[in-house]
Amino acid sequence: MSVKDLVAEIATPTRRAVLGNGAAALAGLVLAVDPSEAFAKKGPRGGTGTTTTATVAGTTGTNIAPPPTGTAVGSWVVIAPDNTITILAGSQEMGQGILSGLAQVLAEELFVDWAKVRVEHAPSGNFTYSGPNNRGITAGSGSMRGYYQGLRLAGARAREMLKMAAVAKFGGTLDSAVCADGVVTVNGQSATYGALATLAATQAAPATPPLIGSGRLIGKVVARPDIPPKVDGSAVFGIDVRLPNMLYACVKHSPVHGGTVPAGYNPPLPSGAVKVVNLGTAVAVVAGNTWAARKGAESLSVSWILPSGATAVDTPTIDAAAQSLMATGTPAIAETLGDAPGAILASARQLDLTYSVPFMAHATLEPLTCTVLYTTTACEVWASTQAPNSIVGTVTKLTGLPATAIQVHPQYMGGGMGRKFEQDFVIEAVKIAQAVPGRPVKLTWTREEDMTHDYYRPMALARVRAGLDTAGRITGWSNRIVSPSILYPRFAPALPNGVDSQAVDGAIKLPYALGARLVEYVRHTTTAPVGFWRSVGHSINCFVVESAIDELALAANVDPLLFRQRLLVNAPAHLAVLNAAAQLGNWSSPPLAGRARGIALSEGFGSITAQVVEISAPVSGAVVIHRVSAAIDCGIAVNPDSVKAQMQGAIIQGLTAALWSKITFSQGRTVQRNFSNYRVMVMREAPRIDVTIVNQGSALGGVGEPGVPAAIPALVNAYARLTGTRIRSLPMFPNAGFMDD
């Protein structure tokens with residue numbers, strides 16, 4: 001039986017059900033699909049006591065898993081009678097393994113068998129589960145850094161409360177109570193955590209429990225609980241959410257950015273639709289299934305109201321404006337040390353190098369989606385989101401409901417990369433739900449709506465001027481960056497001295513001994529929408545800096561590795577990471593004939609990385625990437641396997657950005673609409689990627705984003721070595737064929 005046949009047999013097919021059944025068929029097994037499974041929504045947690053469940057009136061079927069049953073011991077741990085431990089994680093899982101990583105940190109102090117540990121997203125709207133600095137936003141590779149210490153304390157508190165319960169039950173002293181593998185032993189008697197949980201929940205949590213974990217789980221490769229359900233198809237992503245009596249919606253936005261819908265727009269109801277909703281910035285069609293909603297939205301003819309100048313936004317105009325700003329714009333000073341212009345002018349040799357990068361889409365495999373159930377007294381939201389707590393504020397603003405009446409259920413994300421931090425799709429979903437109160441409605445953007453109405457990684461133009469003395473040493477460094485600002489439209493008053501920190505990340509505070517230095521920023525005022533993208537400014541500026549360093553090395557006739565080593569005279573930690581990558585990539589041994597290697601270094605999000613990329617170019621205008629050798633110092637590698645996986649994924653994304661990715665505009669419209677004309681790396685093109693973790697006792701760093709930046713210049717530098725052609729404008733192959741061409 002084929003997967004197609006299985007699809008036909010399922011009365012109410014879902015993507016997850018199809019995947020699950022397909023996998024079972026291939027394995028010779030049968031997986032039951034039970035659409036009548038009773039629905040229990042997640043109840044609010046926090047403090048101590050038994051977890052709560054409730055049932056939405058009138059609901060009869062869902063694919064949402066019920067909450068864990070058991071007793072909350074502290075705010076973060078639910079212990080079931082069978083000793084199963086459920087740990088609540090405040091960050092959102094988008095493939096980076098953060099749920100497992102955070103659970104490892106807490107379980108380290110709890111002394112439990114990892115096989116008995118479960119982990120799930122913590123409820124939103126309760127800032128108990130927010131990181132100390134991010135208010136529940138998963139971004140900036142900051143989850144582990146934000147939660148590490150707090151979760152270790154939470155695990156230690158729960159452990160001590162269990163010990164207190166054992167002492168209360170069996171006598172003895174707290175100091176003599178011992179925890180091991182989910183069992184407390186004291187006064188010659190033992191009890192499981194499950195047996196003690198109810199009594200433990202009544203104990204006063206100690207403020208400063210001792211941290212006695214010693215690497216039992218932290219630093220170890222452990223199985224990720226989120227992987228099996230993702231493999232068998234049972235994991236519920238935002239796009240998989242299915243609730244009883246649910247409606248479905250698709251939207252149609254103005255093809256020209258910034259276009260709005262006339263207030264009186266009231267079209268005839270499309271065939272198969274149950275409602276058309278004027279959202280102001282888009283029109284939504286609500287129907288009994290997504291296909292009908294999509295076809296209904298596509299059938300609408302809207303006379304969009306366009307803001308002045310909207311159709312003037314196109315790529316040649318933006319690029320020309322950047323060139324003009326580079327020449328005549330008034331810069332803001334991001335960093336200055338000494339007289340860089342003077343030092344460069346007095347140098348024996350001067351280089352003047354200009355680089356550019358394009359806008360880029362997030363292109364998450366799961367497009368934007370959000371499900372909302374609204375009534376006049378409450379609102380529930382199921383979403384793939386990087387900012388569930390922000391949704392609470394968004395719903396309050398739209399509905400007037402208090403935060404206590406709003407429940408957000410974060411779901412697995414099929415990629416985020418910064419796009420799902422935004423609230424635009426959530427706002428639309430809430431407005432649609434308000435138009436159909438009492439029924440859950442799932443909004444799904446089409447791939448085309450997603451790609452053409454993104455908040456794009458900004459383009460940038462950068463000019464590096466540098467001087468070399470007669471010994472080949474850098475005497476001065478000047479870098480002027482022209483780029484649209486991500487922060488200005490959001491936090492303009494807070495921008496210090498007019499500098500967008502995101503735009504200059506990776507261009508300032510460099511570890512190299514560059515002599516006098518000057519880094520300037522000029523804000524590009526295009527109205528093209530821009531936003532946060534994986535590694536943000538580092539993805540731009542590492543390409544510029546590491547390309548220029550490479551060009552300086554060649555100009556000085558010094559090996560690029562040796563040139564960098566000399567520049568890191570005051571940065572031993574960076575030097576160690578650079579050397580580790582070089583050793584892993586066999587830099588000291590010549591590559592096979594027809595191949596070349598490039599190297600690059602980056603620092604960001606608290607971590608240091610370096611990469612060696614080895615390539616060949618069998619035909620003109622193409623490249624084969626054979627191997628990437630990467631080193632990272634991220635301080636404590638809580639789960640080394642996840643660290644390596646994050647590096648590998650980020651490197652593939654960086655290589656894709658270097659080779660093909662670009663977004664262009666024409667008359668205010670985004671030209672690229674789908675993967676048919678937005679090229680990404682496919683599996684057969686992915687190189688071998690080796691990663692080594694360099695442990696230098698550094699402070700805890702992030703791992704989700706640091707792998708992207710150095711991959712880009714390392715590839716470009718390898719290409720320059722191989723072909724003699726220096727790429728200064730990305731992507732390297734803007735006219736390459738697309739996937740499967």
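User: How many residues does helix H15 have, and what distance does H15 reach from its first C-alpha to its last?

Analyst: This is a predicted model, and the values here are computed from it. A helix can be checked by setting its span against the one expected at 1.5 Å a residue. Helix H15 (residues 536–555) has 20 residues and reaches 30 Å, close to the expected 28 Å.

User: Where does H15 bend, and by how many degrees?

Analyst: A bend is the angle between axes fitted on either side of a residue. In H15 that residue is Cys542, and the angle is about 25 degrees.

User: Is H15 mostly covered or mostly exposed? And what is found just after H15?

Analyst: Cover is read residue by residue, with buried meaning under 20% relative accessible area. By that cut-off, 18 of the 20 residues of H15 are buried, and the helix is mostly covered. Just past its end, Asn557 has a positive phi of about 60 degrees.

User: What share of the residues in the protein chain count as buried?

Analyst: For the protein chain of 741 residues, the share is 58%. The area that the chain exposes is about 28,800 Å², with 56% of it supplied by carbon and sulfur atoms.

User: How many helices and strands does the protein chain have, and what share of the contacts join residues at least 24 apart?

Analyst: There are 19 helices and 28 strands. Taking contacts between residues at least 6 apart in sequence, 75% join residues at least 24 apart.

User: Turning to strands, which residues of E16 lie on each side, and are they buried or exposed?

Analyst: The two faces of a strand are read separately. On one side of E16 are Thr369, Thr371 and Leu373, on the other Cys370, Val372 and Tyr374, and all are buried. That agrees with the count for the strand, residues 369–374, where 6 of 6 are buried.

User: Which strands pair with E16, and in what sense?

Analyst: The general idea is that strands of a sheet pair through backbone hydrogen bonds, either parallel or antiparallel. E16 runs antiparallel to strand E19 (residues 441–444), with 4 bridges joining them. Thr369 has Thr444 of E19 opposite. E16 also pairs with strand E17 (residues 379–383), again in the antiparallel sense, over 5 bridges. There, Thr371 faces Trp382. The connection from E16 to E17 is a hairpin of 4 residues.

User: What is the strand order in the open sheet of 4 strands, and which strands stand at the edges?

Analyst: The order is E23-E24-E25-E28, and the pairing is mixed. E23 (595–604) and E28 (688–693) are the edge strands; each has a single partner, so one side of each has no neighbour in the sheet. From one strand to the next, the twist averages 15 degrees. The partner of E23 is E24 (residues 607–616), paired antiparallel over 10 bridges, with Gly598 opposite Val613.

User: Which helix lies across E23, E24 and E25?

Analyst: Helix H19 (residues 707–723) does so, at about 150 degrees to E23. Angles are taken between N-to-C directions and run from 0 to 180 degrees.

User: Last, a single residue: why does Ser478 count as buried, and which residues does Ser478 touch?

Analyst: Ser478 is found in strand E21 (residues 474–484). Ser478 counts as buried because its relative accessibility is 5%, and the cut-off is under 20%. Leaving out residues up to four places away in sequence, Ser478 touches Ile344, Arg463, Val464, Arg465 and Leu518.

Note on methods: Residues numbered from 1 in each chain as written. Predicted model: local features only at pLDDT ≥ 70, side-chain atom pairs only at ≥ 80, totals over all residues. Heavy atoms only, no water. Buried < 20%, exposed > 50% of the residue type's maximum accessible area, 1.4 Å probe, protein only. Contact = heavy atoms within 4.5 Å. Areas by Shrake-Rupley, 256 points an atom, 1.4 Å probe, with all protein chains shown as cover. Pairing = 2+ DSSP bridges. Expected span 1.5 Å × (residues − 1). Bend = angle between axes of the 7 residues up to and from the residue.
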